[in-house]
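Got your viewer open and a selection box ready? Let's walk through this one stop at a time.

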Amino acid sequence: MLPDFAKESRWGAPPWTIDFRPEPRALPAQVDFAVVGGGFTGLAAAAWLRHAAPEKSVALLEMGAIGAGSSGRTGGLALAETSAGDLPGLGDVLGGFSETLRKLGVECDLTLPGAWELARRNSLPDSPISWNDSGDLRAVNEVPGGTIDPGKMVSGLARAAQGRGALILEQAQVENVSFGDPLRLAVAGKKLRAHGVLFASNAQSLELSGLADRARPMFALAAATAPLVEAQLAELGLASGKPFYTIESPYLWGRLLASGGIVFGSGLVHLDDWRKLAALDVTTGAPAESFARLERRVRGMHPGLRSVEFTHRWGGPILVAEGWRPVFRRHTGSSRALVLGAYSGHGVALSVYLGRWAAEVMLGRRELPAWDSA
Ligand SMILES: Cc1cc2nc3c(=O)[nH]c(=O)nc-3n(C[C@H](O)[C@H](O)[C@H](O)COP(=O)(O)OP(=O)(O)OC[C@H]3O[C@@H](n4cnc5c(N)ncnc54)[C@H](O)[C@@H]3O)c2cc1C
């Protein structure tokens, strides 16, 4: 049995399984490209670098285990655009996301049946959802979107990266970067020289990525129920398998699991320093209170949910930057270092879509997008 680091965390156990561990390898002295962070962004970029340029050497450095940040703990809703809506030059996120997964051979139960936007007024006449949640919560709009299995997406991207020759090193924290030529990384007490670097470290190491003053870390919470039978899901209006999210407060999002369970998410813990993430424990304090509130709320939403059992409670970091826009720019320390992330809880499809884009920028084959170039 492979050790599953995500399940040992005090951030709680999500219902996903990461069934891939990279081969243990030594840190090389030099690579063409170093990628900092083994979430969706870093894994997609590393895989695409080798896919597009097999002659370039790539090392991905992950301070914990792949998926240990947001990506192994996400809800897995694949959504179009960004949390700030469409942005100049963004393009077709879901189309590019699906195509990238296909070209990399990543199987992660991607389905795009659409997603429900929910609110308490201006309901669609035929809303399948009608829940009692600070009013009559119903579908007001159907938008493009769907779901993935996050454990399979982390594992699949890592397999694609390693299978194409990228080195994936776990327990390899990047402690410092000197922005000379070449770039010099201090990695878990050793040195690595690189021609280009991608910072895909999301809500952690914000001084390293240059985002400490520009983005706020938060901790998002989610819980999953025990499996429900088809008739119960139909009664709840969820038979179509479309995920859902509210477009107003109080906020709620969710999706079905393959087992027939439902994931519900709500609640954010605000943090003034990303280092406080490490001490968060979902079984006590503010997170535990949020779970108790969420579970009471869900049980009160519909007779079909009154006695539902919750089997998983977990959380993970998200990063929110100015205007809720993703960061995708050159690092102030060097034009050969890129920073990509801060998807504000909207990064499942974007991370892969923009991770591929970042790889193409590093290879000199594409420009940065217009909305965030520095
Ligand atoms: C509970 C929850 C639910 C969510 N639900 C959704 C959803 O339904 N739909 C959606 O679109 N988005 C959702 N999100 C957001 C989405 O999961 C993230 O935007 C996405 O996973 C970010 O991927 P990433 O690779 O950029 O970051 P991460 O997955 O956080 O990866 C960053 C990695 O960098 C590593 N790292 C940091 N510092 C260093 C260092 N110095 N050296 C080496 N490694 C380092 C970390 O250990 C981490 O593994 C959710 C997030 C959470 C927490």
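## Stop 1: H2 against H8

Start by selecting helix H2, residues 40–52, together with helix H8, residues 348–362: the two pack at an angle of about 40°, and their axes are 7 Å apart. Angles between 35 and 65 degrees fall outside the parallel and perpendicular classes, so H2 counts as oblique to H8. Keep in mind as you go that this is a predicted model. Look down through the pair and you'll find that H2 and H8 make a right-handed crossing.

Now show side chains. On the H2 side, the contact uses Phe40, Thr41, Ala44, Ala45, Trp48 and Leu49. On the H8 side, pick Val348, Ser351, Val352, Gly355, Arg356, Ala359, Glu360 and Met362. Colour the H2–H8 contact residues by type and you should get 9 nonpolar, 3 polar and 2 charged.

## Stop 2: H2 against H4

Keep H2 selected and add helix H4, residues 150–163. Here the packing angle is about 30°, with the axes 8 Å apart. The cut-off for roughly parallel is under 35 degrees, so H2 is roughly parallel to H4. The crossing of H2 with H4 is left-handed.

Which residues of H2 meet H4? Select Phe40, Leu43, Ala44, Ala46 and Ala47. Their partners in H4 are Pro150, Met153, Val154, Leu157, Ala158, Ala160 and Ala161. Try the same colouring on the H2–H4 contact: 12 nonpolar, no polar and no charged residues. Phe40 and Ala44 are worth a label, since they turn up in the contact with H8 and again in the contact with H4.

## Stop 3: H3 against H8

Go back to H8 and bring in helix H3, residues 93–104. The axes of H3 and H8 come within 8 Å and cross at roughly 70°, which means H3 is roughly perpendicular to H8. This crossing is left-handed.

From H3, select Val93, Leu94, Gly96, Phe97, Glu99, Thr100, Leu101 and Lys103; from H8, select Val348, Ala349, Leu350, Val352, Tyr353 and Arg356. The H3–H8 contact residues split into 9 nonpolar, 2 polar and 3 charged. Val348, Val352 and Arg356 of H8 are in this set, and they were also in the contact with H2.

## Stop 4: the ligand

Centre on the ligand next. How many residues surround the ligand? There are 36, and the closest are Thr41, Glu62, Ser71, Leu77 and Ser205. You have already met Thr41 in the H2–H8 contact.

Then turn on the backbone and put a distance label on each of these polar pairs:

- Serine 70: a polar backbone atom is 2.9 Å from an oxygen atom of the ligand.
- Glycine 75: a backbone N or O atom is 3.0 Å from a nitrogen atom of the ligand.
- Glycine 347: a backbone N or O atom is 2.9 Å from an oxygen atom of the ligand.

## Stop 5: odd backbone spots

Most residues other than glycine have a negative phi, and most peptide bonds are trans. So here are a few places to check the torsions.

Begin with serine 205, one of the closest residues to the ligand. Its phi is near 55°, a positive value in a residue other than glycine. Serine 205 sits in the loop between strand E11 (190–199) and helix H5 (206–209).

Next, jump to aspartate 181 and proline 182, joined by a cis peptide bond with omega about 5°. Proline 182 is in the loop between strand E9 (174–178) and strand E10 (183–187).

Finish at serine 249 and proline 250, where the peptide bond is cis and omega is near -10°. Proline 250 is in the loop between strand E13 (244–246) and strand E14 (253–256).

Key. Residues numbered from 1 in each chain as written. Predicted model: local features only at pLDDT ≥ 70, side-chain atom pairs only at ≥ 80, totals over all residues. Heavy atoms only, no water. Axes fitted to C-alpha atoms, helices over the stretch in contact; angles between N-to-C directions. Helix = DSSP H or I, 4+ residues; strand = E, 2+ residues; numbered from the N terminus. Parallel < 35°, antiparallel > 145°, perpendicular 65-115°, else oblique. Left-handed = near helix turned anticlockwise from the far one by under 90°. Contact = heavy atoms within 4.5 Å. Nonpolar A, V, L, I, M, F, W, Y, C, P; charged D, E, K, R; others polar. Near = heavy atom within 4 Å. Polar contact = N/O pair within 3.5 Å; in protein donor to acceptor, adjacent residues only side chain to side chain.
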